[in-house]
Amino acid sequence: MKRLPPLTGIEAFIQVARLGSIKSAAEALSLSSPALTRRVQALERHVGRPLFDRHHQAVQLNPDGERLLAAIGPAVDALALAMEQASGMHDLMRLRLGTMPLFASHRLIPRLPRLRALHPDFHIDIDTAPFLLTRLDEGLDAAVLLAKEIDPGLYSRRLGINRSVAIASRSMVEGPGALREPADLARATVLLHRDLPDTFDIWREALGLPDLEPAAVDHFDSGPLILEAAAQGLGVAFMLDMHLVGAHDHRLVRLFQPVPSPYSYWFACRRAALGRRPVKLFHDWLVGELGDETG
């Protein structure tokens, strides 16, 4: 049987692969960057090929590295868990997650039974207060939020892509005063969410109607409230298509044509936090659940 490489090299490879940065992986393992690089290079010599594409500021897995990570990552995680159990360290794992109410109710909570079935000792404290990124490592371990992009100083992973849509009550598309074409929005109220402030601008620009002005614009800081306002006929909400689908509300319909949105849900945390088991476990599960979804 071929000799196995040192476990330290495997550990270094996995940290670099998951964090995308030699510096961040070195910090997570309390090593210097040169020491971590030597461990990764030793593993590459052992397998006989490079595992990363190296750039000036970052590294990225190449196809060989992707295959190796997929093959050994779960086994190393299982080994770490077995050592925790053997040493008596294994106890309830808890993640302090900051997120938004609509994401929590529409996309996270319905999936959590599957996570609990896989990891019965894993628990999540869910926090929906604002300013998620500024509270990382100050009350929160990780966050899932809507944004166009995330500060490159943080670790982030986009969870699918979306489209901007106009959402309204069925009553607004029926009868003599129905909204039948985008120009009809000139006599309607547009409802906007605080975290999607320019969604209507993006939508009208994409449709070639930059001068279209609604009768009024009302703002909300709550996803459930803006959808309820739309369902009650108070205006047309400009949200993401996943919000309409996730609402499962027969009172709501999509109006007109959807357009690509620059906003997406992102998983974000401090780079060093991804080395903590609860954060990493939730990250890997969530990416597996949502990472390939599109709106």
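Two strands count as paired if DSSP finds at least two bridges between them. Helices (H or I, at least four residues) and strands (E, at least two) are DSSP runs, numbered from the N terminus.

The model is predicted, with local features needing pLDDT of at least 70 and side-chain atom pairs counting only at pLDDT 80 or more, while totals for chains, interfaces and linings use all residues. Residues are numbered from 1 along each chain as its sequence is written, and side-chain values use heavy atoms, leaving out hydrogens and water.

**Exercise 1. Find the open sheet that contains β12, and state which strands stand at its edges.**

Step 1. Let's start with the order: this open sheet of five strands runs β4-β3-β5-β12-β6, and its pairing is mixed.

Step 2. Now look at the ends. β4 (122-127) and β6 each have a single partner strand, so one side of each is left without a neighbour in the sheet.

Step 3. From one strand to the next, the twist averages 25°. For angles like this, axes are lines fitted to C-alpha atoms (for helices over the stretch in contact), and values run from 0 to 180 degrees between N-to-C directions.

Step 4. Follow β3 to its partners. Strand β3 (residues 93-98) pairs with strand β5 (residues 142-147) in the parallel sense over two bridges, and β3 also pairs with β4 in the parallel sense, over six bridges.

Step 5. Zoom in on single residues. Leu-97 stands opposite Ala-142 in β5. Gly-98 has Asp-127 as its bridge partner in β4 and Ala-143 as its bridge partner in β5.

**Exercise 2. Describe the sheet that contains β8, and say which helix lies across it.**

Step 1. Five strands form this open sheet in the order β9-β8-β10-β7-β11, again with mixed pairing.

Step 2. The edge strands, each pairing on one side only, are β9 (216-220) and β11 (252-260). The twist here averages 30° from one strand to the next.

Step 3. Strand β7 (residues 163-169) and β11 pair in the antiparallel sense over six bridges. Within β11, Arg-254 is the bridge partner of Ile-167.

Step 4. Helix α8 lies across β7, β8 (189-193), β9, β10 (236-240) and β11, running at about 165° to β8. Contact here means heavy atoms within 4.5 Å.

**Exercise 3. Work out how α5 is oriented against α8 and against α10.**

Step 1. Keep the naming rule at hand: angles under 35 degrees count as roughly parallel, over 145 as roughly antiparallel, 65 to 115 as roughly perpendicular and the rest as oblique.

Step 2. Helix α5 (residues 101-108) packs against helix α8 (residues 223-231) at an angle of about 80°, with the axes 7 Å apart. That makes the two helices, α5 and α8, roughly perpendicular.

Step 3. On the α5 side, Pro-101, Leu-102 and His-106 meet Gly-223, Pro-224 and Leu-227 of α8. This contact has four nonpolar, two polar and no charged residues. In these classes, Ala, Val, Leu, Ile, Met, Phe, Trp, Tyr, Cys and Pro are nonpolar, Asp, Glu, Lys and Arg are charged, and the others, Gly among them, are polar.

Step 4. Turn to α10. The axes of α5 and α10 come within 13 Å and cross at roughly 70°, and these helices are therefore roughly perpendicular to each other.

Step 5. Phe-103, Arg-107 and Leu-108 of α5 make the contact with Phe-282, Trp-285, Leu-286 and Leu-290 of α10. By class, the contact has six nonpolar, no polar and one charged residues.

**Exercise 4. Determine how α1 and α3 pack, and which residues meet.**

Step 1. α1 and helix α3 (residues 33-47) pack at about 105°, their axes 8 Å apart. That makes α1 roughly perpendicular to α3.

Step 2. Thr-8, Gly-9, Ile-10, Ala-12, Phe-13 and Val-16 in α1 meet Leu-36, Arg-39, Val-40 and Leu-43 in α3.

Step 3. Sorted by class, the residues of this contact are seven nonpolar, two polar and one charged.
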